[in-house]
Structures are given as C-alpha cells and as structure tokens.
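Visitor: I have a chain on the screen and a few questions about how it folds. Can you walk me through it?

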Amino acid sequence: MTADKALHQFFNGFGIPAYPETAVPEDKKMPYITYPFAVSWFDSFPVNLAVYIWYKTESEALPTEKALEIMDAIGREGCTIGVDGGYIWLTMGSPAIRAIPDEDNSIKRRGLNISAEFYI
C-alpha cells in the first residue's frame, strides 16, 4: 500500500469520513477529518501532520471525544501503519489537541499535532 493510501485508510478508521486537506468535496457536510498529505524518506526528519476534526454542533464534547479517540489509537508510544517497503510511525506532538476557533460559533474544530516518521 502506498503512503497516501495508508494515511487515508488510517484517518478513515474513526467513524467519520476523512479527506486530504486539498480534496474535501464542496458539498460535504460535517463531521469530517482533514489531514495533509506529506511524505518523507527513511531516516529523514519527522513530518508534522496538522490534522483537523470538523463538527457543526453546539457541543464542545463531540469533537473533543473524536480527537481523544484518535489520540488513544496512536497511543503514548505511537503506532505504525504498514506501507509498501516499510511503515509510517505516528506519534502525538505537543500540544496533542487544541480547540480552533471559527467565525461561525456552531463550527467546532479540533487540531491534532501528529508526527510521522517514514521508514520506506
């Protein structure tokens, strides 16, 4: 599996759709996740993946719960995603989760700082 397909599969494993940040359908309704597509080589510096969770709700709890679900899946020691010829090691950055304000108060967004090291 290629790195882009592996990241897509990982971020789509949390019960809401996930899209590369450059490919969100115009008519897509929230909730959804956006993530950047970035790849590096073996033994390069880690890549920061700024992942966003988007909800249209008055509840602060829903996006926070989804962010914690992703954070738990990555875990304290990180997790690996298999790719052709190797793997991607994901770890949480700091701050792990933060609330992102929006002009529309009914849009609740959470940002996750995820570090990816590519061993391919």
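Guide: One term comes before the questions. A nonpolar core is a set of buried Ala, Val, Leu, Ile, Met, Phe, Trp, Tyr and Cys residues joined through side-chain atoms within 4.5 Å. Note also that this is a predicted model.

Visitor: Which residues have the most contacts inside the largest nonpolar core?
Guide: The largest nonpolar core has 30 residues. Elements giving two or more residues to this core include α1 (3–11), α2 (61–74) and β3 (47–56). β2 (32–35), β4 (79–83), β5 (86–100) and β6 (107–119) also give two or more. The residues with the most contacts inside the core are L49, I88, L90 and I114.

Visitor: How many residues are in the other core?
Guide: This core lies apart from the largest one. Y19, Y32, Y52 and I107 are among its members. Its residue count is six.

Visitor: Leaving aside neighbours within four places in sequence, what is L90 in contact with?
Guide: Contact here means heavy atoms within 4.5 Å. With neighbours within four places left aside, the partners of L90 include G78, C79, I81, S115 and A116. The others listed for L90 are F10, L49, I74 and I114.

Visitor: What is the order of elements from the N terminus on?
Guide: The chain has two helices and six strands. From the N terminus on, the elements run α-β-β-β-α-β-β-β.

Visitor: In what order do the six strands sit in the sheet?
Guide: The sheet is open and its pairing is mixed. Its edge strands are β1 (18–20) and β4, each pairing on one side only. Neighbouring strands are turned by 30 degrees against each other on average, direction ignored. The order is β1-β2-β3-β6-β5-β4.

Visitor: Which residue of β2 is the bridge partner of P20?
Guide: Three bridges join β1 to β2. These two strands run parallel. In β2, the partner of P20 is Y35.

Visitor: How many bridges pair β3 with β6?
Guide: On one side, β3 pairs with β2 in the antiparallel sense over three bridges. There Y32 has W54 of β3 as its bridge partner. β3 and β6 also pair in the antiparallel sense, and I53 stands opposite R110 in β6. The β3 to β6 count is 10 bridges.

Visitor: Why is β3 largely enclosed by the rest of the structure?
Guide: Buried means under 20% relative accessible area. β3 has 10 residues, and it is largely enclosed because the number of them that are buried is seven.

Visitor: Which residues make up the covered face of β4?
Guide: In a regular strand the side chains alternate between the two faces of the sheet. The uncovered face of β4 holds T80 and G82. Its covered face holds C79, I81 and V83.

Visitor: Which residue in the turn between β4 and β5 has a positive phi?
Guide: Five bridges join these antiparallel strands. One of the bridges has V83 with G86 of β5 as its partner. The two strands form a hairpin with two residues between them. In the turn, a positive phi of about 80 degrees belongs to G85.

Visitor: At what angle does α1 run to β4?
Guide: α1 lies across β1, β2, β3, β4, β5 and β6. Its angle to β4 is about 135 degrees.

Visitor: Is Y119 buried or partly exposed?
Guide: Y119 lies in strand β6. Its C-alpha is 8.9 Å from that of V83, though the two are 36 residues apart in sequence. The cut-off for buried is under 20% relative accessible area. Y119 has 22%, so it counts as partly exposed.

Visitor: Where is the cis peptide bond with omega near -5 degrees?
Guide: Most peptide bonds are trans. A cis bond with omega of about 15 degrees joins M30 and P31, and P31 is found in the loop between β1 and β2. P95 lies in strand β5. The bond with omega near -5 degrees runs from S94 to P95.

Visitor: What is the radius of gyration of the chain?
Guide: The C-alpha trace spans about 45 × 30 × 20 Å along its principal axes. Of the 120 residues, 42% count as buried. A compact globule with 120 residues would have a radius of gyration near 14 Å, so the chain agrees with that at 14 Å.

How values were computed: Residues are numbered from 1 along each chain as its sequence is written. This is a predicted model: local features need pLDDT of at least 70, side-chain atom pairs count only at pLDDT 80 or more; totals for chains, interfaces and linings use all residues. Side-chain values use heavy atoms; hydrogens and water are left out. Buried means under 20% relative accessible area, exposed over 50%, partly exposed in between (1.4 Å probe, protein chains only). Helices (H or I, at least four residues) and strands (E, at least two) are DSSP runs, numbered from the N terminus. Two strands pair if DSSP finds at least two bridges between them. Axes are lines fitted to C-alpha atoms, for helices over the stretch in contact, and angles run from 0 to 180 degrees between N-to-C directions. The radius of gyration is taken over C-alpha atoms; the globule rule is 2.2 Å times the number of residues to the power 0.38.
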